[in-house]
Amino acid sequence: MEERKNASSLKRGWHCVWEIHYHVVMAVKYRKALIEERIRRVLKETTEGIEERYVIEMEGLGCDNDHVHLLCGAHPKMAPGRIVQIYKSITAREVFGRESWVKKELWGGDLLVGRLLRGNGGGKRRLGDGGTIRGRTRKTERGTTAVDTM
């Protein structure tokens, strides 16, 4: 039985109650180390814009030189694949628009490719506030990992 304090973190809709956290990992095309400070800034601003525009709760964003970690949650009606599709398309458009050299470096096309999704609805494998994933994200030191809590 979960403690009472955990019940306050549940989201409520008209006909359902949920607590879903997704950890999405997307690599830069060709695994190129292109994510520098300017790109991180664009990714963070774009992530905040996506949260305002869509019904997706962005919990954290972590950027390494060649991949991006995204911690998010959404209503159960929102498919995880749709979250990835929204994020990849909007961030690619924004990054290519603001930093044109990135598109040339990647020979056009996609910015982020591939995906790894881990999600849960609570229970024994509960991620809680995402602390477990945030801890793992900090430990990956292939470059300079920056974890921002949204």
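Of the 150 residues in the protein, 43% are buried (under 20% relative accessible area, 1.4 Å probe, protein chains only). The model is predicted; local features need pLDDT of at least 70 and side-chain atom pairs pLDDT 80 or more, while totals for chains, interfaces and linings use all residues. Residues are numbered from 1 along each chain as its sequence is written, and side-chain values use heavy atoms, without hydrogens or water.

The exposed surface amounts to about 8800 Å² (Shrake-Rupley method, 1.4 Å probe). Carbon and sulfur atoms supply 51% of it. Contacts are heavy atoms within 4.5 Å. Among those between residues at least 6 apart in sequence, 72% join residues at least 24 apart.

The protein holds five helices and seven strands (DSSP runs: H or I of at least four residues for helices, E of at least two for strands). Their order from the N terminus is α-β-β-β-α-β-β-α-α-β-α-β.

Helix α2 spans residues 37–53 and helix α3 residues 80–98. Their axes, fitted to C-alpha atoms over the stretch in contact, come within 10 Å. They cross at roughly 135 degrees, on a scale from 0 to 180 degrees between N-to-C directions. α2 is therefore oblique to α3 (not under 35, over 145, or 65 to 115 degrees). The crossing is right-handed.

On the α2 side, the contact involves Ile39, Val42, Leu43, Glu45, Thr46, Thr47, Ile50 and Arg53. These meet Ile86, Tyr87, Ile90, Thr91, Arg93, Glu94, Val95 and Arg98 in α3. Eight residues of this contact are nonpolar, three polar and five charged.

Key. Left-handed = near helix turned anticlockwise from the far one by under 90°. Nonpolar A, V, L, I, M, F, W, Y, C, P; charged D, E, K, R; others polar. Buried < 20%, exposed > 50% of the residue type's maximum accessible area, 1.4 Å probe, protein only.
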